[in-house]
Amino acid sequence: MTRAGLSALFAHWRRHPLQLAALLLGLALATALWSGVQAINAEARASYDRAAETLGQGALDRLVSDRGLGMAEFTELRRAGYRVTPLVEGRLEVGGRRLSIRGIDPLTAPPGLGTLAIAGDEEALDGLLSEAGLLLVAPETARALSGAEGLPPLRSSANIAQGEAVTDVVTAQRLLGVETLTALVLAPEQPFGLPPLREATEFAYVEGQSGGDLTRLTESFHLNLTAFGLLSFAVGLFIVQSAIGLAFEQRRQTFRTLRALGMPLARLIWLLAGELTGLALVAGTAGIALGYVIAAALLPGVAGTLRGLYGADVSGQLTFDPLWAVSALAIALAGAGLAGAQALWRVARMPLLAPAQPRAWAMASARTLKAQGALAGLLLLTSAGLALFGQGLVLAFACLAALLIGAALALPPLLIAALRALRPLARGPVTEWLLADARQQVPALSLALMALLLALSANIGVGTMVGSFRTTFTGWLDQRLAAELYLTARTPEEAREIRAFAAPQSDAILPIWSVETQIKGQPTQVFGVADHATYRENWPLLSAAPGVWDRLAAGEGLLINEQLWRREGLALGDPIRVTKGLSLPVAGVYSDYGNPAGQLMVGARTLDAAFPGRPRLRFALRLPPEEAPALAREIRDRFGLPAGNLVNQAEVKALSLRVFEQTFLVTGALNALTLGVAGFAILTSLLTLSTLRLPQLAPIWALGVRPQRLGALEVARTLLLAALTWVLAVPVGLALAWVLLAIVNVEAFGWRLPMRLFPADWLWLGLAALGAAALACLWPVIRLTRLPPNRLLRVFANER
Amino acid sequence: MNVKACLAALMLAGPASAQGFAGLGTEARDFAVPDPEAALRFPEDHFPHPDYRIEWWYLTANLEAPDGTRYGVQWTLFRSARSPGTAPGWEAEQLWMGHAALTSAEAHRVDERLGRGGTGQAGVERPFAAYIDDWAFASIAPEGADPFSAARLTARGDDFAYDLALRAEGPLVLQGQEGYSVKSPAGQASYYYSQPFYRVEGALSLPGGEVAVTGRAWLDREWSSQPLSENQTGWDWFSLHFADGAKLMGFGLRERDGGHFTSATWIAPDGRPTHYGDGALRLTPLETAEVAGREVPVRWRLELPARGLEVTTEPLNEQAWMGTLFPYWEGPVTVSGSHAGEGYLEMTGYGAE
């Protein structure tokens, strides 16, 4: 019996290979998108852990000094019993790539300062301490640097973040051309019975940042990706749901026959569940492979995004994790179960002797529609409530989810209402039939149309956010990088010499002194700026007290960046304590995109007074832009300045924009994929309907409408529905963009972007949607036009 | 009780790791090699011999608190040269490694320090002071006296510190043939002398407070460029103080083929040494314990028939594991049998299962 049952069930798939393909492909696509995103997230998180280990010195407390620290200070503290270790940091330009150099003393470095890369690798230790030195780098970096000249030998280590090199302190000093140390880093555990170093030293004590910073910062990005993954999975499930629903409807007769032949209901259910599981396993496995391909293709873009936004270095290389594969398979099974549950339940309740006729299975009653509309309204209200009163990133995403699901559920009632509203415009019976027929098709097509709505609004929302970001960001870059050349000298002497050299050829030399300090318990950079038109005319202020630049120059006020302003809820005039002796009111707030941390600006003289003896190494040069390249070349040649120490602002802008272009590469790719999946959903739904709809088309045909005309009407109907869906998607997408810009962005990054609208993009997207819909209905329509007349005639013969 | 483990373990681990820490595995050809004819000279030989690849100042002390609680203290400074001579500054031709331990029946506290020569973080200075960070073995002997005749010994770890005054009650003792100590049948050797006659007074700092202690300490000095042969896997090393004032230094170098190369020095109460070559001393492990995931023999029988010696040793704390860069077992023991006493045991080369 079981065997007969199985062969009966399988026979269906043999006769409907396309349905089988749709089912498998839908489930595989859903699994692929979901698991691909998961793989990317997992890889990025693993990279953070590696970075936290190599960047770990950020988590360790350190001593710094304006006079510079050297070996004598190191030895003095060691001999006093404190566990300190030297650290030399800097950037090096090698073959057009920036390499972050970290010089450590492997003999005294505590765990977390790059020692993991050395542990157990005696050759590495030996090489580090050898005369030639050794650079420990990530395998990707080693490949990128191979052939570069003037570098010590390279050695790969999986425990080093990309773009970083760990080396001995001597080698680092030599490569960077410095004689001092960047800092003395403290081991987390200090020996027993010594007075705290903070009190025992005259050097500035900088507290380490908590190691979770990178993870916290990037969390929003991953939440974003996960949300996209879930969206894709949901869209994929629409396909599966419609394919499974169709298969069950078409097999009603088979089920009845099997039951009539004596197969117990339980066994039938088991067989069907087994069939579903088998299909899910096959599709899930394919989905895993596809997901891996998607992840591997997207990962370099994600790595670029994370590097651009957060400075987090993520390997572009994907590793295969069996646990990931298992969880992806589990989600495929769960998805198939979810999509098939309804169908199984219906089989279980199917009366044995009921006529085994294919019913318009997806046809929903008016009551269902009403309930759906009510639920949609409730969700949209919830979303609005969350937008107004919610706090925190998770609620922001809940608000997004409520908005999208609510909009999707509201789609069918709204479409029906819209088609009803169009009715008075109809001219002639055919158009009227077209509208009525479209209305009647909405419930059956609703899942596919919902998928289309989600894809379109996600596209509009993310596109608006990216566009707003880009427009704001470029304008901001122009303001922020107003000077022509930015220069960092290696020693105070060199700085003096370069200034003397460049002075006759420049209109102005503006100092950019900065110090790291703690403001409100957070590490904050304080910049000292000169009183110059460059700032007065260009600096991007969000809000400012009257005479802000005069107050800054007079040492009567300071500027804070938007992040600090929002995080601390500050207002103009609020006092900020910069040091023990210096407290200034907030005179203005400036936008500071791309920087997660707080920042302050005070007058250059104020900074000097508060932190005397700071090394003055950075400054900006103003000169006619066309003379900038020549002066840059002269300074480079004369002082042998590494390329990274002298930057032409035009190059910086190009670099920043390039980083930015990469930044939303990933969301763009995911957008395209979801649109593709939605198009596929329409295709499967239309295929599902094409046979079911024969009884409705046959009378029209019999009335004299030719198959070609019928086909054209079919296309028109699909395009009409797609166009209406697009019309609804625009406001939903804009709401989505608003939530992203005004809520998610502020929660995740600390800054708010002004929203810009890009109607041309919507238009293009509308065309893309119509194109996808046309493409999706193409095949069903061709099948329809080639239908032999006897198939249509048979509709009348088989009077049901 | 001496030649130390971590470097030894490294050298014994074969060519792969022989490249390793401080480049010890490289051939000795650039380095000086001990000469059996050369006589040791003091105080010069108390100071570093940068032409030799490895060297150590190795102190162990058996201590007792007024309430009878027993403690053991270890202090070691290793020097290892990447190439002969000392370069100034950050350059790392000479590397230094310090090990300190404080053992009681309940706990074995360990700390380890590393540093490069030339920075002033570690080294040996005149008048005599061997130091790394704030750990030091520094002479407090009056001018003209042997610098080792009186010294202060300090170290500080995460959960312990000690500050001990050492006073020698006997002469320096030359091990092996007048200080030339053979380590294998193939003739590998080192220079090796000891000061086993220290009386100790001082204080231990523990999380529970200060503890005044008194007891005995033993200093080993050794330097060489290739003290072990390639087929030796580790060693078991004893330095024992007997109740009658006599002392015994004895070691057995375990060989890959199962053999044991032994050497012993019987030190009379007046400091007169008698050397016993390979085979005179018999070492038998009696019982192993699981220590740091490996089986380590913690009870031993020592037999030196020439002296009528037949004793067993018991550890104060059988978990006296030095979980340092190159791990080994080192801890205080008590001696019973034909002779009673106390001392220290060091065991190297016991790998994880």
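In this predicted model, B:A292 counts as partly exposed, because 13 C-beta neighbours sit inside 10 Å, and a residue needs 20 or more to be called buried. The backbone at B:A292 is a bit out of the ordinary too: phi is near 50°, a positive value in a residue other than glycine. As for location, B:A292 is in the loop that links β18 (282-291) to β19 (294-304) of chain B.

B:D133 also has a positive phi without being a glycine, this time of about 50°. The surroundings are another matter: B:D133 counts as buried, because 26 C-beta neighbours fall inside 10 Å. The residue belongs to the loop between β6 and β7 (135-139) of chain B. For context, most residues other than glycine have a negative phi, and most peptide bonds are trans.

That brings up the peptide bonds of chain B. The one from B:R126 to B:P127 is cis, with omega near -15°. B:P127 itself sits in the loop running between β5 (122-125) and β6 (129-132) of chain B. Another cis peptide bond leads from B:F42 to B:P43, with omega near 5°. Here the proline, B:P43, is part of the loop between α2 (15-18) and β1 (54-64) of chain B.

Zooming out, chain B is built with two helices and 23 strands. The chain has 353 residues, and 54% of them count as buried. What about the contacts between residues at least 6 apart in sequence: what share of them in chain B joins residues at least 24 apart? The figure comes to 55%.

Chain B also touches chain A, in a contact that takes 26 residues from chain B and 20 residues from chain A. On the chain A side, α3 (71-79), α4 (122-129) and α6 (169-176) each supply at least two residues. Sorted by character, the chain A residues of this contact come out as 10 nonpolar, four polar and six charged.

One of those helices, α6(A), is worth a look of its own. Is α6(A) mostly covered or mostly open? It is mostly covered, with six of its eight residues buried. The buried residues are A:V169, A:V170, A:T171, A:A172, A:Q173 and A:L175. Their cover includes three strands of chain A, namely β2 (84-94), β3 (97-104) and β6 (164-168). Right after α6(A) comes A:G177, with a positive phi near 70°.

Elsewhere in chain A, strand β16 (residues 598-603) is largely enclosed by the rest of the structure, because five of its six residues are buried. Which strands pair with β16(A), and in which sense? Strand β11 (residues 522-529) of chain A pairs with β16(A) in the parallel sense, over six bridges. In that pairing, A:T524 stands opposite A:G598 of β16(A). Strand β13 (residues 558-561) of chain A runs antiparallel to β16(A), and two bridges join them. There, A:I560 has A:L600 of β16(A) as its bridge partner.

Definitions and conventions:
Residues numbered from 1 in each chain as written. Chains lettered and ligands numbered in written order. Predicted model: local features only at pLDDT ≥ 70, side-chain atom pairs only at ≥ 80, totals over all residues. Helix = DSSP H or I, 4+ residues; strand = E, 2+ residues; numbered from the N terminus. Buried ≥ 20, exposed ≤ 12 C-beta atoms within 10 Å, placed from the backbone. Contact = placed C-beta atoms within 7 Å. Nonpolar A, V, L, I, M, F, W, Y, C, P; charged D, E, K, R; others polar. Pairing = 2+ DSSP bridges.
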